[in-house]
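User: I have a model open and want to learn to read it. Please take me through it feature by feature.

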Protein chains: 2
Amino acid sequence: MDKKIPMEKKVLSENDRLAQEIRERLRQNGVFALNLVSSPGAGKTSLLEKTLGALNDKIGIALIAGDVQTENDANRLIKAGGKVVRPIITGGACHLDANMVTKALAEIDLETVDILFIENVGNLVCPSSYDLGENMKVVLISTTEGDDKPLKYPAMFRRSSIMIINKIDLIGHSDFDLRHVRDNALSINPELKIFEISCRTGEGLESWFGWLLEMSKY
Amino acid sequence: MDKKIPMEKKVLSENDRLAQEIRERLRQNGVFALNLVSSPGAGKTSLLEKTLGALNDKIGIALIAGDVQTENDANRLIKAGGKVVRPIITGGACHLDANMVTKALAEIDLETVDILFIENVGNLVCPSSYDLGENMKVVLISTTEGDDKPLKYPAMFRRSSIMIINKIDLIGHSDFDLRHVRDNALSINPELKIFEISCRTGEGLESWFGWLLEMSKY
């Protein structure tokens, strides 16, 4: 596998160059961009559905929905009221990259956008290495996954600015301990801002919406 | 990214060569090997803990526990009675490969082993491409992840022989529909053998243990 490293470095440095171009373009247009990452099924699309329901009439929201296969997530977001939704099918790749995002952005009128959500492929490993030009990475973790995930996938939690703990309505149905997951995450990244929510019951979402409204003035 | 493909092909063909060597060595020693794959937190380690509890005195079990970081899983398996447990820390890589497994096997006396479990990194994408010399891939999916996963990560379900649906005790707490996940999985791979279990309540585990006992005679 050692032979692979120089090529990966080249790919990553080209990716970083493109990401900087994206970041500059978003900045010029006053767009605040979040790169959502998580395990499969942690609730990225559900969170975006709820966010559209609450904020779609208040601010301009664009969404890029990445998936290995199918446009299911993009279709869910359109159904939830998303006006600007661009699917990316990676066709096997385990993460989005800046090149894919550049192409998706070419079809979006950024002047109408306050917040751009980039929903990454469900994967706690690969997406951590690829800068997409976002302002912040947001890592979702669901209570049913166990409270050890920050220790087992440290790169993702180190590179994220926000951690959202979803499915708090299911606490008590597993050994998940909120205090443990907070301690584990903050031991990896003391700067993490943490939200605790349930997309199913709505608990905790108001504080997430309020934070997004603040950020949309960016 | 196109430039990366020839190098990846070379890496994969070298991996396949090593995997064949592993497969032949396991066959000569009468070892039946399962490569466990899933999202993070679907319950691979919990399933292995329960399996050790039930079968450890009946058959020879060896376990290779792969993780991006930490030896937590390996330690859990030792605590659960695992006599032969080898951790692999990939140090960032999103999957195990045949080279890592070859090194781990070098420290295992295969003559005492009936079944080898290889617990892969929690990831529904990358591990699908890497043959580890196993007899079968076993894909775990938990009910809290949603019933759309087979459609969204088809390669993994196509290359697996077994699908285990875990956390069936939590059905009813989400929109997960057992019939949907079965239909989705079988549309990708009509040959899949399916187990429905709860590691928490023990439901469905007897049938998994029984199947393993059959396979251990291999």
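Analyst: Start with one term: contact means heavy atoms within 4.5 Å. Keep in mind that this is a predicted model.

User: Through which surface do the copies meet?

Analyst: The copies meet through the same surface, because 98% of the interface residues of chain B are also interface residues in chain A.

User: What turn and what shift lay chain B on chain A?

Analyst: A turn of 180° does it, with a shift of 0.0 Å along the axis. The RMSD is 0.0 Å. The two copies are thus related as by a two-fold rotation axis.

User: Now the sheet. How are strands held together in general?

Analyst: Strands of a sheet pair through backbone hydrogen bonds, either parallel or antiparallel. In chain A, 7 strands form an open sheet, and the pairing is parallel. Read the order as 3-2-4-1-5-6-7.

User: Which strands stand at the edges?

Analyst: Strand 3 (84-89) and strand 7 (193-196) of chain A. Each has a single partner strand, so one side of each is left without a neighbour in the sheet. From one strand to the next, the twist averages 20°.

User: What packs on the sheet?

Analyst: Helix 4 (residues 98-105) of chain A does. This helix touches strand 2 (61-67), strand 3 and strand 4 of chain A. Its direction makes about 145° with that of strand 3 of chain A.

User: How many bridges join strand 1 to strand 5 in chain A?

Analyst: There are 4 bridges between strand 1 (residues 32-37) and strand 5 of chain A, and these strands run parallel. Look there for Asn35(A), which stands opposite Lys137(A) in strand 5 of chain A.

User: Next, the core. What is the general idea?

Analyst: In soluble globular proteins, nonpolar side chains tend to be buried together. Here the largest nonpolar core has 41 residues. Those with the most contacts inside it are Phe157(A), Met163(A), Phe157(B), Met163(B) and Ile165(B).

User: Which elements each supply at least two residues of this core?

Analyst: In chain A, they are strand 5 (136-142), helix 6 (154-159), strand 6 (162-166) and helix 7 (178-188). In chain B, they are strand 5 (136-142), helix 6 (154-159), strand 6 (162-166) and helix 7 (178-188). Helix 7 of chain B gives the largest share, 4 residues.

User: What is Ile165(B) in contact with, beyond its neighbours within four places in sequence?

Analyst: Its contacts include Ile141(B), Phe176(B), Leu178(B), Val181(B) and Ile194(B).

User: Is Asn123(A) buried or exposed?

Analyst: Buried means under 20% relative accessible area. Asn123(A) has 1%, so this residue is buried. Its place is in the loop between strand 4 (115-119) and strand 5 of chain A.

User: What does the side chain of Asn123(A) reach at 3.3 Å?

Analyst: The backbone nitrogen of Cys126(A). A polar contact of 3.4 Å also joins the side chains of Asn123(A) and Asn123(B). Leaving out residues up to four places away in sequence, Asn123(A) touches, among others, Ser38(A), Cys94(A), Met156(A), Val125(B) and Cys126(B).

User: How far apart are Phe195(A) and Asn166(A) in sequence and in space?

Analyst: They are 29 residues apart in sequence and 8.4 Å apart in space, C-alpha to C-alpha. Phe195(A) is in strand 7 of chain A, and Asn166(A) is in strand 6 of chain A. Phe195(A) counts as buried at 3% relative accessibility. Asn166(A) is buried, with a relative accessible area of 3%.

User: What does each touch, apart from residues up to four places away in sequence?

Analyst: Phe195(A) touches residues including Met163(A), Ile165(A), Trp208(A) and Trp211(A). Asn166(A) is in contact with, among others, Ala42(A), Gly43(A), Ile141(A) and Cys199(A).

Methods: Residues are numbered from 1 along each chain as its sequence is written. Chains are lettered from A and ligands numbered from 1 in the order in which they are written. This is a predicted model: local features need pLDDT of at least 70, side-chain atom pairs count only at pLDDT 80 or more; totals for chains, interfaces and linings use all residues. Side-chain values use heavy atoms; hydrogens and water are left out. A nonpolar core is a set of buried Ala, Val, Leu, Ile, Met, Phe, Trp, Tyr and Cys residues joined through side-chain atoms within 4.5 Å. Buried means under 20% relative accessible area, exposed over 50%, partly exposed in between (1.4 Å probe, protein chains only). A polar contact is a pair of N or O atoms within 3.5 Å; within protein, one must be able to donate a hydrogen and the other to accept it, and residues adjacent in sequence count only if both atoms are side-chain atoms. Copies are superposed by least squares on the C-alpha atoms of residues with pLDDT of at least 70 in both. Two strands pair if DSSP finds at least two bridges between them. Axes are lines fitted to C-alpha atoms, for helices over the stretch in contact, and angles run from 0 to 180 degrees between N-to-C directions.
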